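Look at one strand before looking at the whole chain. Follow its side chains from end to end and ask which way they point.

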Amino acid sequence: MEKFVYPLLYYQLSENRVLGLLVGTHHQIIDKDIKHVKSSLTTHLKRLYKKYDDYPYTPFESFRLKTFEVKVRPVYRDNNRSYPSSKVLKVPVDAVFGPTDQGHFCCFLPLLGESFYYYDSKLLVSLVQNFAMNILNKKTPDEIYRMITGLRPNLDEISLRINLYREYNFSNGWSFTDKFKELEAMAERYPQSKSLRKNMASFPEVAWELEREVGEAVDKIVSTRSNILLVGKHGTGKSSVLRQAMRKITAKSSKLDLTFWQLMAQRITARAKYLGEWQQNVEELLYELECANGILWVVDMVQLLQTGGEGPEDSVAAFLTSFLQNGKLQMVGEVTPAQLESMRRMLPGFVENFQLIELEELPEHKIQSILDKFADYCRQNMKVEIDKKALSVSYRLLLRYYPYESFPGKGVKFLSQCINQALQENRTQITKKEVIDNFIKQTGMPELFLRDDLLLDDKELTAYFKNRIIGQDTAIESLANVVKIFKAGLNSPAKPIATMIFAGPTGVGKTASTKALAEYFFGKGQKKSPLVRIDMSEFQHPAQLARFIGGGGEIGKLVQEIRERPFSVLLLDEVEKADPSVFDALLTVLDEGLLVDAYGRVTNFRNTIIIMTSNLGASNRASVGFGREDTTNYESAIGKFFRPEFVNRIDHIVTFNALEQEHIRAITRLELEALNKREGVDKRQVTLSFTEQLESHLAEVGFDKRYGARPLQRALENEIIAPLAKWLLEHPNIKGCALRLDLVDGQLKIES
């Protein structure tokens, strides 16, 4: 018998709640005290070993816990700009480390999800600093603050006694006395023990209303030993059907004694260091899989065509094709219809080895039945009640605002998030209000859009835009119309919310209008800015198209931004500077709100507003930002530059006028008033006021005949902000007062 000792970190969450983390594994649990945490985890490990001969590996001979202080300067990021904090913070980083049975050392940083080996114990401090810095520099200031203020752990241990040398016998005749080294290195056995999931109060893995599809999957896997692909849109229940089928098969006391092994495609090549190594590893994996009478469950099936070589023809999928054809490998997985079509086009021989089980979208009465069953499960097992109105509102909101995902998946996913939040806040009921609040946090949309009983105030809407956009009544009317159409539910669900071109001279408010619309639509709950801004002058060459939309295994800038913020306003700044190939790539986005790559992966733009700014048609004479531009025909210039099929997909072409003198003064006043909202002014409880002489001076130096209002920010920085900052630092006791700013002899004068 061998004894394995595992380090256990535990956190005292409350008087009767202790969280335990088994270091180096994915196992964790919450129970009433450390004694019960250790007992539950020990029982779980014993069951894993007894039932599956499966136990987590621990490298430690002995271990310690130490908290290191890592100095970090938080960075605020907004619209591709970074604002480093003035303060360096000391972030506590917990590390579990010690010598291994291989003669070197190992260190885990549990809350950072990082681990590493090292050969000299003196290097530990510098290695922890380096690894932690790399991770912390990518985190937001809020995440760093939570690490500083979070609970500190304690260290304990759990031991497990096992027989490494007992014999393994399988119904196919293989017998040996060693572990499945390659199989366990690349894959994980499924299903895992139920005890841990039960203690963690996890959500049910059931396929409600899909019993026929589950039965079909079981029959094909067991009776005909077929390779199967479940095909359906996102959310139709493919994963639930597959998991339920595998659990049914493993629960049966059949002579086959089948086992399932879950695999991510990237893990096949991740361990390979030299040419031909991953092929050798796969052959060993398949040998061990046969010994275990195993079936391979590939989670990301399409990724098999992208992994291993430069193209599908020399990928892992191509390598596995002959094994599938010869019956030496049985595989199951899931794909969307678009992914299936891409796989057929790129590697038809691979797809031909699978039998398809297609999942259609369920009718409404079955969806409602599933949501009711989910609510019953939560009431019985988690003691959280979801009332009928909350279920109804969830269905309505998801049906309208997530048209690109399917029920029941999107319903269960959203309600699960509501349940998790309720558990964190110790609430026992989810009402209509909680559903709407959660939806606001996810989308950033105001409550006005989510509740039919709230009416749109036309005057209030116009006032909102007029307070932020100066001298552009036509643009304000266009933006207000977009809001009205969306509120009335008359926008097309199969397109972006709106597609617009903002045309006009430089520095007249096109970008400011875009920011105002983004804030109105999506600025109420999201942590990130609801404005995605891409400078199209970065994509002036055909070779840069892949960097814009992606190509091969690379994700383009456009795709990355929208996947991270699907509810947003997308600003394509100075769009005419991009290569024509970019416009062709945008045709489907503008028309259908979708962008599908070569592997069938879909990026959805149907909850975005796409705005393109352009200077096409602006006069080349000196007065670009000032005065009237009666002779400029922006729509004509746009029509001549872009192809008709591109222009025809644009909902609105909004023309911005050149600025008049009164507009310049109003914009200056608006920017000055905004200084009162800055952090350095607000935290001192100081109120700033400005003389007319100062406003006039800024209006004169902050505007340019060629660049309109563009120089105003620079003028504010030089003429106001820098001198004010110096004055405040020289008067550290200034707080809770009014400051009057004036211009005297060309210099800023500040009076309290």
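## A strand with two faces

This is a predicted model. Begin with strand E32, where the side chains alternate. Leu748 and Ile750 point to one face and are buried. Gln747, Lys749 and Glu751 point to the other face and are not buried. The pattern fits a general rule. In a regular strand, side chains alternate between the two faces of the sheet.

Which strand does E32 pair with in the antiparallel sense over 5 bridges? The partner is E31. Within this pairing, Asp742 stands opposite Lys749 of E32. The two strands form a hairpin, with 2 residues between them. Asp745 sits in the turn and has a positive phi of about 55°.

## The sheet around that strand

E32 belongs to an open sheet of 3 strands, in the order E30-E31-E32. The pairing in this sheet is mixed. Its edge strands are E30 (687-690) and E32 (747-751), and each pairs on one side only. Neighbouring strands are turned by 30° against each other on average, direction ignored.

Where does the mixture come from? E30 and E31 (residues 738-744) pair in the parallel sense, over 4 bridges, whereas E31 and E32 pair in the antiparallel sense. In the parallel pair, Ser689 has Arg740 of E31 as its bridge partner. In general, strands of a sheet pair through backbone hydrogen bonds, either parallel or antiparallel.

A helix joins the picture. H28 (residues 692-701) lies across E30, E31 and E32. H28 runs at about 60° to E31. Val701 is found in this helix. Is Val701 buried or partly exposed? Val701 counts as partly exposed, because its relative accessibility is 37%. Val701 and Leu716 are 15 residues apart in sequence, and their C-alpha atoms are 9.5 Å apart in space.

## An antiparallel sheet with two helices

Now move to another sheet. Here 4 strands form an open sheet in the order E4-E7-E8-E9, and the pairing is antiparallel. The edge strands are E4 (64-72) and E9 (114-118), each pairing on one side only. The twist averages 30° from one strand to the next.

How many bridges join E4 and E7? E4 pairs with E7 (residues 89-99) over 9 bridges, in the antiparallel sense. One of the matched pairs is Thr67 with Asp94, which lies in E7. Helix H2 (residues 124-136) lies across E4, E7, E8 (105-109) and E9. H2 runs at about 55° to E4. Helix H3 (residues 141-149) also packs on the sheet, where H3 touches E4 and E7. The direction of H3 makes about 65° with that of E7.

The loop between E9 and H2 holds Lys122. Is Lys122 buried or exposed? Lys122 is exposed, because its relative accessible area is 74% and the cut-off for exposed is over 50%. From Lys122 to Ala338 is 216 residues in sequence and 53 Å in space, C-alpha to C-alpha.

## Two helices that cross

In general, two packed helices are described by the angle between their axes and the distance between the axes. Take H18 (residues 458-466) and H20 (residues 510-522), which pack at an angle of about 135° with their axes 10 Å apart. That angle makes H18 oblique to H20.

Which residues make the contact? H18 supplies Leu461, Tyr464 and Phe465, while H20 supplies Ala516, Leu517, Glu519 and Tyr520. These residues divide into 6 nonpolar, no polar and 1 charged.

## A buried threonine

Thr443 is found in helix H16 (residues 432-443). Thr443 counts as buried because its relative accessibility is 0%. A polar atom of its side chain lies 2.8 Å from the backbone oxygen of Phe439. What else does Thr443 touch, leaving aside its neighbours within four places in sequence? Thr443 is in contact with Tyr402, Phe522, Gln526 and Phe567.

## The whole chain

Step back. The chain has 29 helices and 32 strands. Along its principal axes, the C-alpha trace spans about 95 × 60 × 55 Å. Of the 752 residues, 47% count as buried. Take the contacts between residues at least 6 apart in sequence: 71% of them join residues at least 24 apart.

Terms used: Residues numbered from 1 in each chain as written. Predicted model: local features only at pLDDT ≥ 70, side-chain atom pairs only at ≥ 80, totals over all residues. Heavy atoms only, no water. Pairing = 2+ DSSP bridges. Axes fitted to C-alpha atoms, helices over the stretch in contact; angles between N-to-C directions. Contact = heavy atoms within 4.5 Å. Buried < 20%, exposed > 50% of the residue type's maximum accessible area, 1.4 Å probe, protein only. Parallel < 35°, antiparallel > 145°, perpendicular 65-115°, else oblique. Nonpolar A, V, L, I, M, F, W, Y, C, P; charged D, E, K, R; others polar. Polar contact = N/O pair within 3.5 Å; in protein donor to acceptor, adjacent residues only side chain to side chain.
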